[in-house]
Amino acid sequence: MNVGGNYMQALNIAIEVIDIIVAVIIYFASFTLFIKALLERYQRNKKRKAEMQNKGGKTE
């Protein structure tokens, strides 16, 4: 267990509940990183298309 898990165990919370809470925290942290990566990719593609239009190139 980690520090937070030990604290929750001291409050007599079941280990299964602690594991679920930790899993949810990990899930949301990774989901945030995934969304951030998608937004950066979208912005990069949008910028690239705008640059191509300014140069007179064709876009799809």
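Me: Helices here are DSSP runs of H or I, at least four residues long and numbered from the N terminus; in this predicted model, where does I13 lie relative to α1 and α2?
Reply: The chain holds two helices and zero strands, of which α1 covers residues 3–10 and α2 covers residues 15–54. With residues up to four places away in sequence left out of the count, I13 touches M8 and I18. At 30% relative accessibility I13 is classed as partly exposed, and its place is the loop between α1 and α2.

Me: Which residue other than glycine has a positive phi near 65°?
Reply: The residue in question lies in the loop between α1 and α2, and its relative accessibility of 72% makes it count as exposed. A positive phi also occurs just after α2, at about 85°, but that residue is the glycine G56. The residue other than glycine with phi near 65° is N12.

Me: What span should the 40 residues of α2 have, and how far apart are its end C-alpha atoms?
Reply: The expected span is 1.5 Å times one less than the number of residues, which for the 40 residues of α2 comes to 58 Å. The end C-alpha atoms of α2 agree with that expectation, as the distance between them is 59 Å.

Me: How many aromatic pairs are there, and which residues form the aromatic cluster?
Reply: Rings are paired when their centres lie within 6.5 Å, and by this rule there are two aromatic pairs. One of them is Y27 with F28, with centres 5.4 Å apart and planes at 70°, which makes it edge-to-face. The cluster is made up of Y27, F28 and F31.

Me: Why is the pair of Y27 and F31 classed as stacked?
Reply: A pair of aromatic rings is described by the distance of the centres and the angle of the planes. Y27 and F31 both belong to helix α2, where they are four residues apart, or about one turn of the helix. Their ring centres are 6.0 Å apart and planes under 30 degrees apart count as stacked, so the deciding value for this pair is its plane angle of 15°.

Me: What is the area of the nonpolar surface patch that includes F31 and F34?
Reply: F31 is partly exposed, at 39% relative accessibility, and F34, which lies in helix α2, is partly exposed as well, with a relative accessible area of 48%. Both values pass the cut-off of over 30% that patch residues must meet. The patch joins F31 and F34 with I20, V24, Y27, F28, I35, L38 and L39, and its area is about 870 Å².

Me: What percentage of the residues of the chain count as buried?
Reply: The chain exposes about 5600 Å², of which carbon and sulfur atoms supply 62%. Buried means under 20% relative accessible area, and of the 60 residues of the chain the share that counts as buried is 5%.

Note on methods: Residues numbered from 1 in each chain as written. Predicted model: local features only at pLDDT ≥ 70, side-chain atom pairs only at ≥ 80, totals over all residues. Heavy atoms only, no water. Patch = residues over 30% accessible without salt bridge, like charges linked within 9 Å, V, L, I, M, F, W, Y side chains within 5 Å. Areas by Shrake-Rupley, 256 points an atom, 1.4 Å probe, with all protein chains shown as cover. Salt bridge = Lys/Arg side-chain N within 4 Å of Asp/Glu carboxyl O. Buried < 20%, exposed > 50% of the residue type's maximum accessible area, 1.4 Å probe, protein only. Phe/Tyr/Trp six-rings, centres within 6.5 Å; stacked < 30°, edge-to-face > 60°. Contact = heavy atoms within 4.5 Å.
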